[in-house]
Amino acid sequence: MSCGCLKNAVTAAGRVAAAATKAVIGVITTGKLIASLDVRNARMAACVKCAHFLMPDGVLGARCAVCGCFLKAKAALITEDCPKGKWPERKPI
């Protein structure tokens, strides 16, 4: 019998891989990479208040329970958005 743990881990890994692929495509298509410090700070402030914020459990830091992304890395990429629409509006590139 299986507890479903492996299936859950594979599903979570798939979500993270899909989000990372989307981020890479965004960087390639826009030629932009890093968000300003103000944007990163505003994004992280929204994340910390969110019910989907997962406290850091290791070296890589806090994660989002919805997309599975590591938040500091995701917040730093100018092409990224919050899956729940909680980040401040992104300025057009």
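**Exercise on a lysine**

Lys74 is placed in helix α3; state whether Lys74 is buried or exposed, and list the residues in contact with Lys74 once its neighbours within four places in sequence are left aside.

*Solution.* The model is a predicted one, in which local features need pLDDT of at least 70, side-chain atom pairs count only at pLDDT 80 or more, and totals for chains, interfaces and linings use all residues. Residues are numbered from 1 along each chain as its sequence is written, and side-chain values use heavy atoms, with hydrogens and water left out.

Step one concerns the helix itself: helices (H or I, at least four residues) and strands (E, at least two) are DSSP runs numbered from the N terminus.

Step two is accessibility. A residue is buried under 20% relative accessible area, exposed over 50%, and partly exposed in between (1.4 Å probe, protein chains only). Lys74 has a relative accessible area of 9%, and is therefore buried.

Step three is the list of contacts, a contact being heavy atoms within 4.5 Å. Beyond the excluded neighbours, Lys74 contacts Arg43, Cys67, Cys69, Glu80, Asp81, Pro83 and Trp87.

**Exercise on the chain**

Determine how many helices and strands the protein chain contains, and in what order its elements run.

*Solution.* The count comes to three helices and two strands. Read from the N terminus, the order of elements is α-α-β-β-α. Two further totals complete the description. Of the 93 residues in the protein chain, 28% are buried. Among contacts with a separation of 6 or more, 54% join residues 24 or more positions apart.

**Exercise on the nonpolar core**

Identify the residues of the largest nonpolar core and the element that gives the most to this core.

*Solution.* A nonpolar core is a set of buried Ala, Val, Leu, Ile, Met, Phe, Trp, Tyr and Cys residues joined through side-chain atoms within 4.5 Å. The largest such core has twelve residues: Met44, Ala46, Cys47, Phe53, Ala62, Cys64, Cys67, Cys69, Leu71, Ala75, Cys82 and Trp87. The elements contributing two or more residues to this core are α2 and α3. The greatest contribution, three residues, is that of α2. Cys47 illustrates the packing: apart from residues up to four places away in sequence, Cys47 touches Phe53, Leu71 and Trp87. In soluble globular proteins, nonpolar side chains tend to be buried together.

**Exercise on the cavity**

Find how many cavities of 30 Å³ or more the structure holds, and which residues lie nearest the centre of the largest cavity.

*Solution.* On a 1 Å grid over the protein atoms alone, a cavity is a set of points where a 1.4 Å probe fits but cannot get out, and its lining residues have an atom within 4 Å of a point. Grid points are joined across faces, edges and corners, and the volume is the space filled by probe spheres set on the points. By this criterion there is one cavity of 30 Å³ or more. The largest cavity encloses about 110 Å³. Its lining has 14 residues, with Cys47, Cys50, Cys64, Leu71 and Cys82 nearest the centre. Two or more lining residues come from each of α2 (37–49) and α3 (71–76).

The lining is then sorted by type: Ala, Val, Leu, Ile, Met, Phe, Trp, Tyr, Cys and Pro count as nonpolar, Asp, Glu, Lys and Arg as charged, and the others, Gly among them, as polar. The result is ten nonpolar residues, one polar and three charged.

**Exercise on the cysteines**

Decide how many disulfides the structure holds, and explain why Cys82 is not bonded to its closest cysteine.

*Solution.* A disulfide is scored as a pair of cysteine sulfur atoms within 2.5 Å. The structure holds zero disulfides. Cys67 is in none, its nearest cysteine sulfur being that of Cys69 at 3.5 Å. Cys67 is buried, at 9% relative accessibility. For Cys82, the closest cysteine sulfur belongs to Cys50 and is 6.1 Å away, so the separation is too far for a bond. Cys82 is likewise counted as buried, at 17%.

**Exercise on the β1–β2 loop**

Classify Gly61 as buried or exposed, and do likewise for Pro56.

*Solution.* Gly61 lies in the loop between β1 (53–54) and β2 (63–64), and Pro56 lies in the loop between β1 and β2 as well. Gly61 is buried, with a relative accessible area of 19%, whereas Pro56, at 45%, is partly exposed. Leaving aside neighbours within four places in sequence, Gly61 contacts Pro56 and Phe70, while Pro56 contacts Gly61 and Ala62.

Technical notes:
1 Å grid on protein atoms, 1.4 Å probe; cavity = no way out; pocket = protein on both sides within 12 Å on 5 of 7 lines; lining within 4 Å.
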